[in-house]
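Colleague: I would like a close look at one part of this model, worked outward from a single residue to what surrounds it. Please keep it at a level a first-year student can follow.

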Amino acid sequence: MTHEKKEVIRDLMMKAAQARHDLIELTYVSGYSHLGGPLSACDAATALYHHFMRFNKDMLQDPCRDRFILSKGHNGDIIYCILAELGLYPLQELLDEYKQFKGRWGEHPNRQHNPGFEISSGSLGHGLPIAAGMAWAGRMDKSDYRVFCLVGDGELQEGSNWEAIMNAGHNQFGNLIAIVDQNKCQGTRLVADTCVSENMKERWEAFGWNVIDVADGNDMVQVYEALEMIPPRGVLHAKPTCILLHTIKGCGIDFMEDGQAKWHAGGIGDDKREYCHQSVDKKRDSYLKKLDEMWGDE
Amino acid sequence: MAMVTWEFSADAAEGSSREAFIGKLYELAKDHEDLVFICTDSSPDGGMQDKFRKAYPDRMLDVGIMEQHAASMAAGVALTGKNVFCQAFGPFLATRAVEQVYIDGAYNDSPVTYIGTHSGVTAAAGATHAAIMDIAYMRAMPNMTIIAPADADQICKIMEAALSYPHPIYVRCARGVEPLVYKDTDYVYEIGKSITVHEGTDITLIGTGSTVYHCVRAAEMLAEDGISARVIDMHTVKPLDETAILKAASMYCRNRFTRHRTGWLTCHGSRCRINHSSRCLTKKSRFSNIIVRYFGGTQDCSKYHNQISQCS
């Protein structure tokens, strides 16, 4: 791995930690927000927005931009934070308006009020078919933009996803990348206890997708390497790509990493606020130290 | 409000809206490179859809029996700026895929033109294939425009108007062959502006979709009894041309107001009754409220009696 890549990965880890800090504040200020899923998806979303996607905050309607489709709309809060870090709006505005009467940001995103969002979402199972439509449009235009769609593993219980998976695989939308945040928990229970969830890789492959299995979807090195493996730009007739991220719900805040569904959403009060921030920093520093050891002293 | 002079005739020509719209799309696709067509297992070899696919293979997708996917995917394509037309059986598009149409089409304000065929009981294919709740569902959606063409020629005008329309549209289309209401098709069509098909001074009949023809026939019969009936083609159910209704309700001396429903469930008619007719009626207590009740758009409704019973 080149020195430049290592620096990018270190920087992405810092940015992901910052997004988590912002999310903690957003939850503290508002009293209640989705937490578990946003924290598990944070690293992949950070890598996409800050490095892999063709995204220019000053050209949000650029026809050639990469599209990020947030299918698991209840993770909107972490994307709000990432977009604030990217400079689309001051973080303070988000903190002031989130879930407030006449505020621009709600618990689920609305594309007409929230800068940077391609779709309004919230109801699950809608993102993949929309993303497939955008991928098809890109192919029609012979454009080289990519369409990324973030879905949850619990969300995959919605049948509409499988219509989209079948259709996109059949039509070979090579510019479509589905990212599955497999944090193994859904709203109230474990995914495995709710509906059969094994063999996810084989299922996607059976419908004509190329699957990249990522053992730790909260390890920025692994996320980075997976995103490097997607087809080159402009490959319009090929298997669509599914990146299966094995993640930890609540990742970054140690007491939420208990493998349970209870931190799907909740509040962070005065008693936990500082501890949550310290936990995020501790995890970030531990990862950075691990990288230093792995890559040597450069 | 546009005006067309309709001459009574029992020998109306016929046409299929379902065939006409795809023929028109095929014609429009030539000059509109951003026109895209999505359908759901409705492109048999040799049909017009098949012709479209062969001419424009990159711009048409028959997704198969996936109404939910079709409705969402169409929204995705529309959000990239293309002109998207998405066809499915009305009952499956507007009930099975209603959340996809609502969230991805209406709530996202994606300018898709959804075309639901088999309106009312025009399919005669059993209760499951009758689009009887579609207007009720669609009318409740934000940003959604609902249009029911009076005949096969009018749906072509609708396709043209839809090209530059910035919001989602639901076009309610009959399945089979229906009488042509307009002998002369050289009239101006505008979404949201009703058309006075025939002038009258005693009573007003308002129809939408293929029931406009029946209004005209009713007016013809009323004329034999010396009653002069105005007929309004309320092709756009939402937004409703309130001006035309209020004008019709207020201008007659004898003050009779007739409501025309397209189905036994309260659809277009209910809106007239609740929001508009009632306003008119309460203003002038002398109004006599006559209900003309129709079940679909065919000339002989009696043959669908069995189906109507099933649906009821």
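Modeller: B:Ser72 lies in helix H3 of chain B (helices, H or I of at least four residues, and strands, E of at least two, are DSSP runs numbered from the N terminus). This is a predicted model: local features need pLDDT of at least 70, side-chain atom pairs count only at pLDDT 80 or more, and totals for chains, interfaces and linings use all residues. Residues are numbered from 1 along each chain as written, chains are lettered from A and ligands numbered from 1 in the order written, and side-chain values use heavy atoms, without hydrogens or water.

B:Ser72 has a relative accessible area of 0%, so it is buried (under 20%; exposed is over 50%, partly exposed in between, with a 1.4 Å probe and protein chains only). Which residues is B:Ser72 in contact with, leaving aside its neighbours within four places in sequence? They are A:His126, A:Pro129 and A:Ile130 from chain A, and B:Gln100 and B:Asp104 from chain B (contact means heavy atoms within 4.5 Å).

B:Gln100 and B:Asp104 lead to the next element, as both are among the buried residues of helix H5 of chain B. This helix covers residues 98-107, and because seven of its 10 residues are buried, it is largely enclosed by the rest of the structure. The other buried ones are B:Val98, B:Val101, B:Ile103, B:Gly105 and B:Ala106. What covers the buried residues of H5(B) comes from both chains. From chain A it includes helix H5 (127-140) and H6. From chain B it includes helix H3 (67-78), helix H4 (90-96), strand S6 (112-117) and helix H6 (134-139). Just after H5(B), B:Asp109 takes a positive phi of about 50°.

A:His126, a contact of B:Ser72, also stands out where the two chains meet. Together with A:Trp136 and A:Glu163, A:His126 belongs to the residues of chain A that lose the most area to chain B, and these three give 28% of what that side buries. How many residues of each chain are in contact with the other? There are 27 in chain A and 26 in chain B. The area buried between the chains (accessible area, 1.4 Å probe, lost when the two parts are put together, summed over both) is about 2200 Å², and carbon and sulfur atoms give 58% of it.

Chain B as a whole has 11 helices and 15 strands. Of its 312 residues, 60% count as buried. Taking contacts in chain B between residues at least 6 apart in sequence, 79% join residues at least 24 apart.

Chain A also has an enclosed helix, H3(A). It covers residues 76-85, and nine of its 10 residues are buried, so it is largely enclosed by the rest of the structure. Those buried in H3(A) include A:Gly76, A:Ile79, A:Tyr80 and A:Cys81. The buried residues of H3(A) pack against helix H1 (3-30), strand S1 (33-34), helix H2 (36-52), strand S2 (67-70) and H4, all of chain A. Just after H3(A), A:Gly87 has a positive phi of about 95°.

H4 of chain A spans residues 91-97 and contains A:Glu97. The C-alpha atoms of A:Glu97 and A:Leu26 are separated by 9.9 Å, although the two residues are 71 apart along the chain. Beyond its neighbours within four places in sequence, A:Glu97 is in contact with A:Gly103, A:Arg104 and A:Trp105.

A:Ile79 of H3(A) also belongs to the largest nonpolar core, of 62 residues, where A:Ile79 and A:Ile179 are among those with the most contacts (such a core is a set of buried Ala, Val, Leu, Ile, Met, Phe, Trp, Tyr and Cys joined through side-chain atoms within 4.5 Å). Apart from this core lies another, of 61 residues, which include A:Leu176 and B:Ile135.

A:Leu176 and A:Ile179 point opposite ways from strand S4 of chain A. This strand covers residues 176-182, and seven of its seven residues are buried. S4(A) runs parallel to S3(A), joined by six bridges, and parallel to S6(A), again joined by six bridges (strands pair if DSSP finds at least two bridges). A:Ile177 is the bridge partner of A:Phe148, and A:Val180 that of A:Leu244.
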